[in-house]
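Got your viewer open? Get your selection tool ready and let's take a walk through this model together.

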Amino acid sequence: MKTMKSLIGIVLLFVTQQTFSQSNLKVTQDSIKIQRAELVIENQSRDVKGILQNMGGGRTEFRILQLENLGDTAIAIKGQDTMAFRGSGAGTTIQSPVPFSLSVQAINSTQQRLKWWKSPQDLYVLPKVGVIGGSQGKGAFTSTYRNSIIGRLTTYLEQVASSPVVTNYCQNGYNTRQLLPNGSNQWVDANNNITKALTDGNKIIILVTPSNDADPNNPAGGATSLTETMANIAAIEDACVKSGATLFVFSGFPRHDFAQAARVQQADLSQLLLKQFGSRCAYVYKLLEDPANPYRINPVLHTGDGAHLNDQGALIAYVPMRDVLVGYYTSNTQVSGYEVQRAGSLNGGFVNFQTVNTPDGNSLNLAVDNAFYRVRFRQYDGRYSNWSNIVQGIGTVTGTYPIVNAGPDKVITLPATLELSASASDPVGTITSYQWTKLEGSSATFLSSTSSTTVVQNLTAGTYVFRCTVTNNSGLQASDDVTVTVNASPVNSRTARFNFSLTSKPVASYTNLFGNPHMAVLTGTDPVTGIGLNTVATSAWSTSTGNTALDNMAVVNDGGNFAVDQAVLANVFYTGHHSATTNFNVTGLTPGKLCKILVIGNAVSSPRVTKVTVNGQTQQYNATQNSSKAAIFDQVPVPTNGIVEIAAYAHDQDGTPYGVISAIVVEELPGDGSPVNQFPTVNAGYDQTVSLPGNPILTATASDPDGTVDTYLWTKISGGNATINSPNAASTIISGLSSGTYVFRCTVTDNKGGTAFDDVQIIATSPSTTRTGSFNFSYTSNPVSGFVNVTGYPHLGVCSGTSASGIGINTIAASAYAPNGAISALNGISVPSDDGQGFVVPVDALRGVFFTVAYSPVENLEVTGLTPGKYCKILLTANATSSPRNNMVRVNGQVKQFNATQNRRNAAIFDFVLVPADGKVRIAFYAENTTSYAGLVSAVVVDEY
């Protein structure tokens, strides 16, 4: 192993270095200086690469370096910490800055929503922030409230966000018991707890973690253990998840007006919170601790009582939470969009499904199915993130999905004709139908909406999104979208179209030039605009066997549709010249204006690469079987004689014998040649479902390709009473809703008067009372407080139980369980000790299990007594002694997995599960494979809301 050749002043404090003869070499000097030379150090295994590691205390050892691949974006040095790495260049994979997870939720019986990540607008556009906790958050001990932690945070948000609302629910002396959801215990304060903060519509919740949990004299039940504190905070987060809010926490705060054990508990709590919440935890403990006295608050940072922060301490504590919020909500600023893929099976081939081209778009609504989905984000530099987790749709459809491509996005200028063409295939079946629909844009008429190719008429200027949905012989569907930008017809512009043929071949709206241009100058003038075209001179055309024109060429759609009318492409002029000889003159143009020129050709044989030069600028197209490729010259200045010269010729380097021209289109631009105003585009955001009395926030994003967006206007299109609080802002709060479905429209106007609009749907639902059913499973009676004990061998008979709330559970049928010999249940399984982060269910609930050695998803649990049309959350957990026990769980087609070996808190959790008409939801738990041996269930908790 060699050092750098110019190594200067390296300090080597070797104690010993053995040679191959086992003799000792000692370096007695304190240091060795090596200049302009090499230092070579060899270990006994000369062929093994390694590293020198400073062990401290004057000792450096030679260590072998072994790398281990942990996945797509991580490597590890064995025995050392894992380190992430990222590639460079377009197409490489990067690691998500925060966990990038995908979920699927039921909207109603026919629709589901894929949702991923979060949006920066949650923080920067009309944020609603609720703060809960104890006295450090209340801010009663600083000189002014604005100097407190939350006062400073409020001031910051007022500077960086639009119309923030920060509500402080913190109270002096409170512990986490008082902050729990309503009904959790007798100490809950319904006016200042998490339920109140969420009911008020806050979507960002900050927990100023109260140190009063460690107070043995606290009036709300005395001191809490670390386990209870973490469980209370987990319940607070669970309530946030149900409400669609995001929870951020402060770590514990040091204080020394408590006994030493309580002080240590605050330090331990801080570490647990940092581990549990990661990027959502503002770790302030070490910043506030007295360096000279561990577990005590720095004397210059408190008010003299050993507990509460003064102005300086509050400033130090505020900064980490500010940075946590900014980091969390701006971590996707480099994201340009998202790519969603779909597969017919969990291990099937994923194919591109839809692309979301807005960085703040974090959901996708689609019809209920049971396909598998995954998503990744794309950065502006072309790199992709790793794929998210895989989720399955909530439907029960089976079969293989077709694949469809609606074609590339288009830009047309009126009155051009729009033709859409989709291609579709099915891996094992056949495509039985096509259906075109309009998703966005104003008026449009399909001439044939049920064909793979259709013409769209009656368009107006603006942006359209059209969808092609295909159905296969199994009744399964797939869809793809195409975006079309329609530019208005230029005001006072003049357009002339010319087509070429050997004999007279007139085409409507075209001026026909026909004959052989090498035999005579051919001329035509558009009767409406007066713009003309001529073939210059016979010498400008090089012939082949006496011809320079042909009729009746074969015409095909090359996949890009037709740049000019199809009939025009069937006839051509051609020339064998290979240099830029002018062979067309455009006449009758207005000196000083600008014009746009399109030249296109079509040929049967190959190669036929045609070059075109206008005003010294050269473009080319391959005319072979061509329908869409053309040479287009924009903003061409018209000289004083009103004539623009065109040279069309063969590309000699490609072995092309002839330049081929079927048509020329000339457009003189209006006024001084400046382009016509292009209309803005607007996206009103994703559809939402809000639980009353919540107030949804509508946020529109708009842009203008040739100017600025000047105004926004929100209006209600349908639904009951509603108040739009900021109708002229990009974002607005909607209040005063009642149960029902609403549609709101955002209309934007650009700086030149162009307008565009988009609609968004809001479903408002009435609040409902939560019902809970908790069940544990064992061979014989194993009662657990608050749980219904389901006992027996499920492979011998149906085992069932019903909770006091009326929610029940049963094991469906004996055939649903594959036993191990004569048993399918166990008691007395050992449970690991508490590591400070608690248990997902009570310890005793983990001591018994039902199990099945099946490896495929057979439904073997049924939840009953639920309310049709409502939603529920289902948690299933299990504990085993031996390993591996990779547990698979499926609910409504969605599959989740956890390791049950020595399990404290791993679980499969399914949220927003729509209750069907019969009030029953079925669960399948099973083994991952033969190695995992058995699928297990120790406890199931069901919440209906």
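We'll visit a sheet, then a handful of salt bridges.

Before you click anything, keep in mind that this is a predicted model.

**Stop 1: the sheet**

Start by colouring strands 35, 36, 39, 44, 41 and 42. Together they make an open sheet of six strands, and going across it you meet them in the order 35-36-39-44-41-42. The pairing is antiparallel. Where does the sheet end on either side? Select 523–525 for strand 35 and 617–622 for strand 42: these are the edge strands, and each pairs on one side only. Now turn the view and follow the sheet across; from one strand to the next, the twist averages 20°.

**Stop 2: one edge, up close**

Stay with strand 35 and add residues 532–534, which are strand 36. The two strands run antiparallel, with three bridges joining them. Which residue of strand 36 stands opposite threonine 525? Pick glycine 532 and you have the partner.

**Stop 3: salt bridges**

Next, show the side chains. There are 18 salt bridges in the structure, and we'll look at a few.

Select lysine 196 and aspartate 200. They form a salt bridge, with the closest N and O atoms 3.4 Å apart. Is lysine 196 buried or exposed? Neither quite: its relative accessibility is 30%, so lysine 196 counts as partly exposed. Aspartate 200 is also partly exposed, because its relative accessibility is 27%.

Move on to arginine 255 and aspartate 257. In this salt bridge the closest N and O atoms are 2.6 Å apart. Try a surface display here. Arginine 255 has 7% relative accessibility, so it counts as buried; the cut-off for buried is under 20%. Aspartate 257, with a relative accessible area of 40%, is partly exposed.

Now jump to arginine 322 and aspartate 323. This pair forms a salt bridge too, and the closest N and O atoms lie 3.0 Å apart. Arginine 322 is partly exposed at a relative accessible area of 23%, and aspartate 323 is partly exposed at 41% relative accessibility.

**Stop 4: a small network**

For the last stop, select Glu859, Glu862 and Arg922. What links these residues? They are joined in a network of salt bridges. Show the three side chains together, and that's the end of the tour.

Technical notes
Residues are numbered from 1 along each chain as its sequence is written. This is a predicted model: local features need pLDDT of at least 70, side-chain atom pairs count only at pLDDT 80 or more; totals for chains, interfaces and linings use all residues. Side-chain values use heavy atoms; hydrogens and water are left out. Two strands pair if DSSP finds at least two bridges between them. Helices (H or I, at least four residues) and strands (E, at least two) are DSSP runs, numbered from the N terminus. Axes are lines fitted to C-alpha atoms, for helices over the stretch in contact, and angles run from 0 to 180 degrees between N-to-C directions. A salt bridge is a side-chain nitrogen of Lys or Arg within 4 Å of a carboxyl oxygen of Asp or Glu. Buried means under 20% relative accessible area, exposed over 50%, partly exposed in between (1.4 Å probe, protein chains only).
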